[in-house]
Amino acid sequence: MIFKRLSEYLGKLEETTLRNKITQILAELFHESTPDEIGKLCYLLQGRVAPLFTAIEFGMADKMMIKAITYGMGVEDGRVLKVFQEEGDLGKAVEKIKNQKSTTKNTYKKLNINKVYEILYQVATSGGSGSQDKKITLLGNLLHDVDALSARYIVRITLAKLRMGFSDMTILDSLSWMIKGSKQLRPEIERAYNVRPDLGFISETVQKHGIEGLKSTEPKVGIPILMARAERMANSEDIILKIGKCAIEPKYDGFRLQIHYDGKDVKLFSRNLENVTNMYPDIIKGIKKQIHKPAVIEGEAIGINLKTGEYLPFQETVQRKRKYDVELKAKEIPLHLFAFDCLIVGRENLLVKSYVERRNYLEKLIGKGETVYIAQLEVVSNPIRLEELFQDAVTRGIEGVMAKKLEGIYRAGARDFNWIKYKRSYSGKLADTIDAVVMGYDLGQGKRSGFGIGDFLIGVYDEKQDKFGTVTKIGTGLTDEEWREIKIRSDKLKVKTQPKNYEVDKIMSCDIWITPQIVVEIRADEITRSPVHTAGRVMGPSESGNSKEVKVAGFALRFPRLEKFRDDKKPQDATTLSEVEKMYKLQEKK
Ligand code: ATP
């Protein structure tokens, strides 16, 4: 397939907000591609040249792109910047310049997808001295060679600004659509994706071997597995009623790591599958010392106060997440890892084994040492004992407990009752926090005009529609420092118009829209119903027959407060709409 064809598809995708339409357009595109193209297509659609969990990024800023365009188009200095200022988008700018330049018009080369991918891959992976010039030359030549529309998208891909408004989930739907003409096969495709969340691998397999090809998808050391998650429950009796005799572990309040050890090297992945290997050298050392076989394990890492020997609160542990001065910080705040699961040992896939079996493997796997410890455990069948353990955890300053079903398998990517989190309740009705996505903000007035931000709009992820629906605007309760931080973070993500995957009522519209990236943990007193919020809202026709009326009001948060930034979560990992629905019911029960 020539790249221009992909660009035409991207053009069509850009024009529509309808989920089904997007799915069908993608299915058509996939259908037209060959097995050696489809994987690359999937990466390019995400604005990348490799799966999300690899550290391969373009690392290209506007300034460098301007140089590449200037070089490639052979225009005078200052010209690109001027058109960029007029258009507000470098993609549009390069397209305009190409269309104006009669010499390059209509004389583009018919580069195919594989060729363009290969060049972009070189751009992303060239490093070291002289790499900036190399990137500029490679990109400049490429932009010179392609048609105007393709130049628009190549620029956006390289700047990580493709922003098509759909996530991997829509791509999985379209793979199903490609082979079946419906979304029916999505659950099967998703099961494989949860174990190997690499769209390149999944799409190629489907293209070559159909759905059958995915049946044998096994986890692999080195490729992160989507992490299993926990349901919430608000008291001990309910937990025992639900899963019977179960294992109770403390709910450590650090950050989760999935650790892949191939017998030689260690890779570390965060909750959202970001490769964080370079950040935690102390954990790597500990793993190499205490584990003697290839394995994949999971655990919670917590910082230690060197003076008192006590575990640090999350806010301090999280300072270890950094790209610079890593060694220095590792000395200041050493980490312990509380291992709580084991997904592969040797060549054996343990995902399908029960909790009890996996725990046995884990206990045999971890040798003596000062870094990796096995999570405490007690098996209980009596709610009174469970409550004692919970209270004991709370007294020790721990967040709560995790209850794990003894015969439960490891359900990659799923949130179910195999694991239940039972957290400290707070004064309000709502027993848990909500992780929400910052969607935009309003300019400040009065006291806060100095910050340039008056309030910000947040929403949760509607997994059925692959969209974000709003739950509240937060305008109070932040410290000056937090206001500044949210403004700085938001300004890096500003977009001109409301993103396509945002469902927002007119009343909640924002002065400034931002692309979904920032996840914040919000504590609220209660989830209420509100007609102006779109998460869970259903529109008419109501009894009066007016289709624009609110039939079921959406969910809203009462007295929301910012707890912390959740840099370990992707927007799609934010609390989902169906979780909010469950939390709403749970709160009624409380
Ligand atoms: P979730 O991971 O469920 O989306 P979250 O990241 O907001 O939610 P919590 O709701 O606080 O986190 O609870 C789940 C998290 O608890 C796990 O992802 C893990 O990081 C942490 N955790 C701490 N101790 C344990 C344990 N013993 N077993 C499993 N997870 C644990």
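Contact here means heavy atoms within 4.5 Å. All views show a predicted model.

**View 1. Helix 8 and the helices packed around its buried residues.**
Helix 8 covers residues 131-145. Its buried residues are Ser-131, Lys-135, Ile-136, Leu-138, Leu-139, Gly-140, Leu-142, Leu-143 and Asp-145. They pack against helix 4 (62-73), helix 6 (90-100), helix 7 (113-125) and helix 9 (148-158). The length of helix 8 can be checked: at 1.5 Å a residue, its 15 residues should span 21 Å, and the C-alpha atoms at its ends are 21 Å apart, so the two values agree.

**View 2. Helix 6, its cap and its cover.**
At the N-terminal end, helix 6 is capped by Asp-89. A side-chain oxygen of Asp-89 lies 2.9 Å from the backbone nitrogen of Gly-91. Gly-91 is itself one of the buried residues of helix 6, along with Leu-90, Ala-93, Val-94, Glu-95, Ile-97 and Lys-98. The cover over these buried residues includes helix 4, helix 5 (79-87), helix 8 and helix 9.

**View 3. Strand 12 and its pairing partners, strands 13, 17 and 18.**
Strand 12 runs over residues 434-442, and nine of its nine residues are buried, so the rest of the structure largely encloses it. With strand 13 (residues 455-462), strand 12 forms an antiparallel pair over five bridges. Gly-440 has Leu-457 as its bridge partner in strand 13. Strand 18 (residues 519-523) also pairs with strand 12 in the antiparallel sense, over four bridges. There, Asp-435 is partnered by Glu-521. Strand 17 (residues 512-514) is joined to strand 12 by two bridges, and these strands run antiparallel. In strand 17, Ile-512 stands opposite Tyr-441. As a general point, side chains in a regular strand alternate between the two faces of the sheet.

**View 4. The ligand and the residues around it.**
There are 19 residues around the ligand, and those that come nearest are Lys-251, Arg-271, Glu-300, Arg-415 and Lys-421. A polar side-chain atom of Lys-251 lies 2.6 Å from a ligand oxygen atom. For Arg-415, an N or O atom of the side chain is 2.7 Å from an oxygen atom of the ligand. For Arg-566, the corresponding distance to a ligand oxygen atom is 2.9 Å. Taken alone, the ligand exposes 600 Å², and the protein buries 94% of that.

**View 5. Lys-251 in the loop between strand 2 and strand 3.**
Strand 2 (246-250) and strand 3 (255-261) lie on either side of the loop that holds Lys-251. The relative accessible area of Lys-251 is 15%; buried means under 20%, so this residue counts as buried. Its side chain makes a polar contact of 2.8 Å with the side chain of Glu-399. Not counting residues up to four places away in sequence, Lys-251 touches Ile-398, Glu-399, Gly-400, Val-401, Met-402, Lys-421 and Lys-423.

**View 6. Ser-381 in the loop between strand 9 and helix 18.**
Ser-381 follows strand 9 (378-380) and comes before helix 18 (383-395). Its relative accessible area is 46%; the partly exposed class lies between 20% and 50%, so Ser-381 belongs to it. Leaving aside neighbours within four places in sequence, Ser-381 is in contact with Ile-240 and Lys-245. Asp-392 is eleven residues away along the chain, and its C-alpha atom is separated from that of Ser-381 by 17 Å.

Definitions and conventions:
Residues are numbered from 1 along each chain as its sequence is written. This is a predicted model: local features need pLDDT of at least 70, side-chain atom pairs count only at pLDDT 80 or more; totals for chains, interfaces and linings use all residues. Side-chain values use heavy atoms; hydrogens and water are left out. Buried means under 20% relative accessible area, exposed over 50%, partly exposed in between (1.4 Å probe, protein chains only). Two strands pair if DSSP finds at least two bridges between them. The expected span of a helix is 1.5 Å times one less than its number of residues. A residue is near a molecule or strand if one of its heavy atoms lies within 4 Å of it. A polar contact is a pair of N or O atoms within 3.5 Å; within protein, one must be able to donate a hydrogen and the other to accept it, and residues adjacent in sequence count only if both atoms are side-chain atoms. Accessible areas come from the Shrake-Rupley method with a 1.4 Å probe; for residues, only the protein chains shown count as cover.
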